[in-house]
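This report is to be read alongside the sequence and the three-dimensional model shown here.

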Amino acid sequence: MKKISAIIFTAFIFYSCKKMEFKAAPDYEKAEITAVEIYNASAVRADQQSVIDPVAGTITITLKPGQDITRLKLAATASTGARVTPSMSAGLQDLSEVKKYQVTSPGGTVNKDWIISVLNP
């Protein structure tokens with residue numbers, strides 16, 4: 001009886017441990033940027049206004065007056081689990097030219113290019 005129980009238990013363990021593949025729910029497979037913030041070298045918010053166009057994949061950010069556009073830190077909020085490349089954690093950046101980022105959904109099924117423009121009044 002113990003042998004039969006051991007065999008059943010072992011079979012159960014092997015069956016339970018087989019590789020299971022999980023797929024992300026379609027609602028979870030998003031590659032959006034939902035918010036952006038810009039900080040200056042003193043770690044103070046430097047953005048005055050942000051306009052996000054999710055259809056066009058564009059973000060236009062207007063700086064507060066007197067900001068040095070060549071020394072800013074960009075921070076963005078992306079869809080849950082999504083990856084942003086290149087990384088925005090590069091420290092202070094020159095944002096005087098348009099920046100291009102790609103956001104990839106958690107399961108890798110959706111890739112979306114985003115263009116970020118910063119305006120310095």
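The sections below take up the sheet, one tryptophan and the nonpolar core.

## Basis of the model

This is a predicted model, in which local features need pLDDT of at least 70 and side-chain atom pairs count only at pLDDT 80 or more, whereas totals for chains, interfaces and linings use all residues. Residues are numbered from 1 along each chain as its sequence is written, and side-chain values use heavy atoms, with hydrogens and water left out.

## The open sheet

Five strands (DSSP runs of E, at least two residues, numbered from the N terminus) form an open sheet in the order β2-β3-β7-β6-β5, with mixed pairing, where two strands pair if DSSP finds at least two bridges between them. The edges are β2 (47-53) and β5 (83-85), each of which pairs on one side only.

β5 pairs with β6 (residues 99-104) in the antiparallel sense over three bridges, and valine 84 has valine 103 of β6 as its bridge partner.

## Tryptophan 114

Tryptophan 114 belongs to strand β7 (residues 111-119) and counts as buried because its relative accessibility is 0%, buried meaning under 20% relative accessible area with a 1.4 Å probe and protein chains only. Its C-alpha lies 5.6 Å from that of threonine 58, although the two are 56 residues apart in sequence.

## The nonpolar core

The largest nonpolar core (buried Ala, Val, Leu, Ile, Met, Phe, Trp, Tyr and Cys residues joined through side-chain atoms within 4.5 Å) has 19 residues, and those with the most contacts inside it are Ile38, Ile61, Leu74, Ile116 and Val118. Two or more residues each come from β1 (33-40), β3 (58-63), β4 (72-78), β6 and β7.

Conventions
Helices (H or I, at least four residues) and strands (E, at least two) are DSSP runs, numbered from the N terminus. Buried means under 20% relative accessible area, exposed over 50%, partly exposed in between (1.4 Å probe, protein chains only).
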